[in-house]
Amino acid sequence: MRDCVIIGGGPAGLTAAIYLARFHLNITVIDAGQSRALWIPTTHNHAGFPNGISGEDLLERMRAQAIKYGTKIVQGRVGSISNNDVGFALEYGHGAVEAATVILATGVVNRRPAISEELHAQALVEGKIRYCPVCDGYEVTDKNVAITVRNDLAAKRPILR
Ligand SMILES: Cc1cc2nc3c(=O)[nH]c(=O)nc-3n(C[C@H](O)[C@H](O)[C@H](O)COP(=O)(O)OP(=O)(O)OC[C@H]3O[C@@H](n4cnc5c(N)ncnc54)[C@H](O)[C@@H]3O)c2cc1C
């Protein structure tokens with residue numbers, strides 16, 4: 001029986017885990033291991049890292065910090081949550097756990113351009129495809145960019161300089 005189960009071990013879930021574990025609560029993070037942060041070659045907008053940090057390194061540090069304060073991190077995909085007498089019952093992979101509270105930190109899934117996995121990975125590493133104008137717009141300041149969208153929403157608020 002846990003005080004809280006956090007579904008999702010990306011930056012959001014791990015941040016919650018660090019705060020709650022340091023509040024002396026029993027925390028389990030269940031993570032399917034597909035954080036979008038794993039795709040970040042180097043993030044330059046994360047406070048505290050003036051020279052940038054890769055998403056993989058950031059997650060590793062956050063996991064270590066959460067574990068240091070007693071968080072249990074479990075690999076698996078939560079398939080069901082139901083109410084019971086004590087709070088919630090969750091099932092994941094081959095396991096099950098009960099918790100007084102549950103935090104959903106499952107992130108979102110990118111809508112990728114229709115290119116091969118290899119080309120996509122290479123383009124990310126080379127900074128030729130970027131997903132976050134707020135994070136990465138600075139790096140392409142004064143350069144020509146192409147915007148791929150499913151509708152015209154993304155092009156409606158251009159950043160004017
Ligand atoms: C190429 C790229 C570059 C980026 N660059 C930057 C940047 O420079 N700066 C910046 O601030 N942001 C950047 N971002 C955005 C950043 O990665 C996301 O904002 C961040 O990862 C969101 O964190 P999250 O914890 O909400 O979700 P995620 O990191 O997506 O984590 C969600 C986790 O929940 C897990 N999950 C989902 N469903 C279940 C389930 N049923 N059971 C168990 N686990 C589950 C997933 O597997 C995943 O591990 C970038 C994103 C991409 C793709």
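## Helix H2, a good place to start

Helix H2 runs over residues 55-68, which gives it 14 residues. From its first C-alpha to its last it reaches 20 Å, close to the 20 Å expected at 1.5 Å a residue. Keep in mind as you look around that this is a predicted model.

Which residues of H2 are buried? They are Leu58, Leu59, Met62 and Ala66. These residues cover an arc of only 95° around the axis, so they sit on the same side of H2. What covers them includes H1, E2 and strand E3 (72-75). Turn to the face of H2 that points away from this buried side, and you meet the exposed residues Glu60, Ala64 and Lys68. Just after the helix comes Gly70, with a positive phi of about 100°.

## The whole protein

Now step back a bit. The protein holds four helices and six strands. If you follow the chain along the sequence, the pattern reads β-α-β-α-β-β-β-β-α-α. The C-alpha trace spans about 55 × 35 × 30 Å along its principal axes.

How much of the protein is buried? Of its 161 residues, 19% count as buried. As for contacts, take those between residues at least 6 apart in sequence: 50% of them join residues at least 24 apart.

## Two domains

The protein is divided into domain 1, covering 2-104, and domain 2, covering 117-155. Their C-alpha centres lie 28 Å apart.

Where the two domains meet, four residues of domain 1 are in contact with four residues of domain 2. On the domain 1 side, the residues that touch domain 2 are two nonpolar and two polar ones, with no charged residues.

## Around the ligand

How many residues surround the ligand? There are 30, and the closest are Gly8, Gly10, Ala12, Thr43 and Gly107. Three elements give two or more residues to this shell: helix H1 (11-21), strand E2 (27-31) and helix H4 (133-136). H1 gives the most, with three residues.

Both domains take part here, since the shell draws at least three residues from each of domain 1 (2-104) and domain 2 (117-155). Sorted by class, the shell around the ligand has 14 nonpolar, twelve polar and four charged residues.

## Ile27, a buried spot in E2

Strand E2 turned up twice above, once as part of the cover over H2's buried residues and once as a contributor to the ligand shell. One of its residues is Ile27. Is Ile27 buried or exposed? It has 27 other C-beta atoms within 10 Å, and 20 or more are enough to count as buried, so Ile27 is buried.

What does Ile27 touch? Leaving aside neighbours within four places in sequence, Ile27 is in contact with Arg2, Asp3, Cys4, Ile6, Ala17, Leu20, Ala21 and Thr71. Another residue to look for is Val74: it is 47 residues away from Ile27 in sequence, while their C-alpha atoms are 11 Å apart in space.

## Gly33, out in a loop

Gly33 lies in the loop between E2 and H2. Gly33 counts as exposed because it has 11 C-beta neighbours inside 10 Å, and the cut-off for exposed is 12 or fewer.

Compare its position with that of Ala21. Gly33 and Ala21 are twelve residues apart in sequence, and 21 Å apart in space from C-alpha to C-alpha.

## Two residues with a positive phi

Most residues other than glycine have a negative phi. That makes a couple of places worth a look.

His24 is not a glycine, yet it has a positive phi of about 60°. You'll find His24 in the loop between H1 and E2. With 9 other C-beta atoms within 10 Å, His24 is exposed.

Asp142 is not a glycine either, and its phi is positive too, at about 70°. Where is Asp142? It is in the segment after H4. Asp142 is also exposed, with 5 other C-beta atoms within 10 Å.

Conventions. Residues are numbered from 1 along each chain as its sequence is written. This is a predicted model: local features need pLDDT of at least 70, side-chain atom pairs count only at pLDDT 80 or more; totals for chains, interfaces and linings use all residues. A residue is near a molecule or strand if its C-beta atom, placed from the backbone, lies within 6 Å of it. Ala, Val, Leu, Ile, Met, Phe, Trp, Tyr, Cys and Pro count as nonpolar, Asp, Glu, Lys and Arg as charged, and the others, Gly among them, as polar. Domain bounds come from an automatic or database domain assignment. Two residues are in contact if their C-beta atoms, placed from the backbone, lie within 7 Å. The expected span of a helix is 1.5 Å times one less than its number of residues. The arc is that of the directions from the helix axis to the C-beta atoms.
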